[in-house]
Every structure is written in C-alpha cells, then in structure tokens.
Amino acid sequence: MPQPIGWPNDAGELRLLMSSCVNRRGTYPSEFRAILSLERHREVSAEIVSWPGYASTPLLSLDGLAERLGISTLWYKDESQRFTLQSFKALGGPFGVLQVLRQVLRDRAGVERVSGLDLIAGAHRNYVSDITVACATDGNHGRAVAWGAELFGCRCVVYLPSAASSGREAAIAALGADVVRVAGSYDEAVRRADTDARQHGMLVVSDHAYPGYEKIPRDVMQGYSTLVEEVISQLATEGVSRGSAPKLTHVFLQGGVGGFAAAVLSYLWELYGAERPIGVVVEPHGADCIYRSAEAGKPTPVPGTPHTLMACLCTGEVSTIAWPILRDGADAFLTIPDVDALQTMRLLAEGAGQDRCLIAGESGVAGLAGLIRVSGEKEARDALGLGPQSRVLVVGTEGATDPEIYRSIVGG
Ligand SMILES: Cc1ncc(COP(=O)(O)O)c(C=O)c1O
C-alpha cells in the first residue's frame, strides 16, 4: 500500500460509486454505434488531422508519480498544446461548426461535398460569411467554436454564464466572436443560446445534447475520439521499444456534461471489447450530474446551481447522448473536492521525482486528481483493482486556459 499523497486542507470524504449496471460483455452495443463508432471516427478524424496546425499531442509516462501512487505506469496525455487553444475541445467544436456549414451549403446551394480545407481556402464564402453559429460555454468549448468559425469564415456568438472568468471571455473575443453574458448558470446559458438561435436564425453548435438537439453534439463528441486514436498509436510505438504494446488497465476521465468521457470509453469499448480498461468518471463534488445520474439510474440534474473551481466541469445536467454510454460503459463514478484539483495542478507544476513539470488547468487535472484520491484509500483501490500492476491513463484536458487563474493557484 503506497503512502497516500495527503493533501494539506484535506477536505471532503471519498465519494466512489461502483456501477451496478456496467456492461462488461465483449461487444460494443449496436445501438451505441448510432452515437459513436470507430467507423464514423475514421471519417471525422481524417477531416480534423487535415487542418493546419494539427499535431498529435504528447503521451508522457509519469514514472515518479506512478511510483508514489503504487502503480506500474501512469500515462498522461497532455492536451495543453492542442492546436492553439490549449484544450482537447479544439477537436470537437470546430468539427461541429464544419458540420453545420456543410448542412447549410447542402440545403441552400446543393453542395454535396466540402472539406474544411476548401472553406479555409475561401470556397463558398458568399454563403458562409452570412451564417452565424452560437453556443454556450464555461470557456473551452466556446473558444473552440469561435476558432472554428474564424477558420471556416462564418460569424459566431458565444453565451457565457455569469461565473465564467474574464480571461476566458477575452480569449473567445480575441477570436472574433461576440460574447453574451447570461445572468445565471451554464445550463441557463445553454437554454438562452438555444432560444436566441431560434429567434435570430443562428445555428447552435453545442457539446451538450438535450432532448430535440442531439445530432451536432454527437459530431462534437466523435471529434474527441481523435485523441484516443493518438494514444493507441503512441502506446503501440512504446510497445516497439518495450517489446510489446503496454495495455491499459484503467482510465480516469473527468466529466462535465459527459461527452469527453463517453467518447473515450466508447472508443476503448469498441476496440478492446471485454478487455477494455476499467473506466472511472471523475467530477467535482459540487457539479456531479453524472454521479447523481448513475446513482438514480437515470439522468438526474444537480439540485440548485452547480458550483466548483473546476470551471469547465461546472455543469448541472448530463448530455442525453453521453448518458447511455456512461451508464453502461463506466465501471465507477467518483467525485472530488476542489482542493484536490488545485493540489494536483501544483504537483504537476513541480513534477514528482524525475517527472517533467507540466502546466494543467483546474478542469484538466480532475481525472488525475481522482486517481490520486483513490490511490490513498485501500478500500477504493481494492474495489477498482488498482495495484502495482496497473497501467493507468489520464488526460490532461487543458493547459493554463486562463493564465491569471493558473498563476493565482500555482504561483509564478
Ligand atoms: C478542460 C476540460 N476538461 C474536461 C471537460 C469535460 O468535457 P464534457 O463536458 O464533454 O464532459 C471540459 C468541458 O468543457 C473541459 O473544458
């Protein structure tokens, strides 16, 4: 049993829920293929990797931290350099923008095929420049949609909840989007974007599916699976140097509306079947809509206004298309107090042992913070089968997306 990394101000008990309805049979269910599939992934990924500035992000082995946590290997997929946006969201929102533009071009101009590169080169600009896309965001999705709109040449309006930071607002505005502040939570901003879009003829590009709006979020989620493909090929390269491909035993994935975790779990499920790693979804204590839904066996919102310093995970309702995949695909659900995320940011910035120093934002570290939390608790380790043989993947889903907040937490 390793020594727990005992955080100072250790606040909050461990909240770990082992799933009672995880499907551990081999085959990825056919009804989920209509949401996410490897076949569709190949199409979407081919488009995304063609965009200027695309590069696979690093997969790092944090050996110092793995030793402290008493596991064999800790893989850290570092999304802090994804395109120029510093978060994995750059894989989803811009693809959603492209899809709505394709739809309009098909309906209005009979254009059957158009690529992102065509639009970047100025094709159909007379139609595209008249189109406005809209979305709600805690920060990263809106920045990604604004970037996509700028790249492909359309207009963009982004709705921010009152708690979103001014640094994140400035980053979105710098990409040419109009920003609307909503006096309320993220979920209220989602509803406002939807209503305004209907009234003003804007096209919603949301990462959050809700009844009556599921097609674009599905495309957005499918875009995220590009990072899993990168991980699999990076592990295969590692395998060449180690003599065999190092298989993953666990993944710890942070959850906001659940699209990210569902995209990763679905890919691994379809690829590995019954041999897929144990999947744990990690959320903030104060924004735990997936945990609550798993406990109740159906989508269940957070009562009142969700609250957490992990700003991009501050959501009160699970995405309707992510939910069934999380319900059947995740093995466990975990919530953590904010202090865990802050301490994990500091730990990464210092580097454990010989590990390199890493910059990661509050929401980006939640999966790793969840792993650290359970690693120090014998019962939780046993329940999850975590031990000296475990090879765990976490995804650092963002860098310092608000540099001022990052400095205030980590220091200089
Ligand atoms: C950095 C970061 N990590 C994780 C997530 C969670 O993704 P999802 O809302 O799809 O669960 C978000 C969502 O915005 C994010 O910005």
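Domain bounds here come from an automatic or database domain assignment.

**View 1. The two domains of a predicted model.** Everything shown in these panels is from a predicted model. The protein splits into domain 1, built from 15–88 + 216–410, and domain 2, which covers 93–206. Domain 1 is thus written as two stretches, with domain 2 numbered between them. Measure from centre to centre over C-alpha atoms, and domain 1 and domain 2 sit 26 Å apart.

**View 2. Where domain 1 meets domain 2.** On the domain 1 side, 29 residues are in contact with 30 residues of domain 2. Together the two domains bury about 2,400 Å² between them, and carbon and sulfur atoms give 60% of that area. Look for W51, L85 and I216 in domain 1: these residues lose the most area to domain 2, together 25% of what that side buries.

**View 3. Charged and polar links across the domain boundary.** Side chains of opposite charge can pair when their charged atoms come close. Between domain 1 and domain 2 there are 3 salt bridges. Zoom in on E317 and R191, which form a salt bridge with their closest N and O atoms 3.4 Å apart. Polar contacts between the two domains come to 9 residue pairs, counting pairs with both residues at pLDDT 80 or more. As for which elements supply the domain 1 side, α2 (38–48) and α10 (215–242) each give two or more residues to the side that touches domain 2. That side of domain 1 is a mix of 15 nonpolar, 7 polar and 7 charged residues.

**View 4. A salt bridge between distant parts of the chain.** The structure holds 21 salt bridges in total. In this close-up, the side chains of R82 and E230 meet in one of them, at 2.8 Å from N to O. R82 sits in the loop between β3 (73–78) and α4 (93–109), while E230 belongs to helix α10, so to speak a long way along the chain: the two are 148 residues apart.

**View 5. Around the ligand.** There are 15 residues around the ligand, and N140, G256, G258, F260 and T397 come nearest. Some backbone atoms are worth picking out here. G258 has a backbone N or O atom 2.8 Å from an oxygen atom of the ligand. For F260, a backbone N or O atom lies 2.9 Å from a ligand oxygen. C312 also takes part in this view, with a backbone N or O atom 3.5 Å from an oxygen atom of the ligand.

Methods: Residues are numbered from 1 along each chain as its sequence is written. This is a predicted model: local features need pLDDT of at least 70, side-chain atom pairs count only at pLDDT 80 or more; totals for chains, interfaces and linings use all residues. Side-chain values use heavy atoms; hydrogens and water are left out. Contact means heavy atoms within 4.5 Å. Buried area is the accessible area (1.4 Å probe) that two parts lose on being put together, summed over both. A salt bridge is a side-chain nitrogen of Lys or Arg within 4 Å of a carboxyl oxygen of Asp or Glu. A polar contact is a pair of N or O atoms within 3.5 Å; within protein, one must be able to donate a hydrogen and the other to accept it, and residues adjacent in sequence count only if both atoms are side-chain atoms. Helices (H or I, at least four residues) and strands (E, at least two) are DSSP runs, numbered from the N terminus. Ala, Val, Leu, Ile, Met, Phe, Trp, Tyr, Cys and Pro count as nonpolar, Asp, Glu, Lys and Arg as charged, and the others, Gly among them, as polar. A residue is near a molecule or strand if one of its heavy atoms lies within 4 Å of it.
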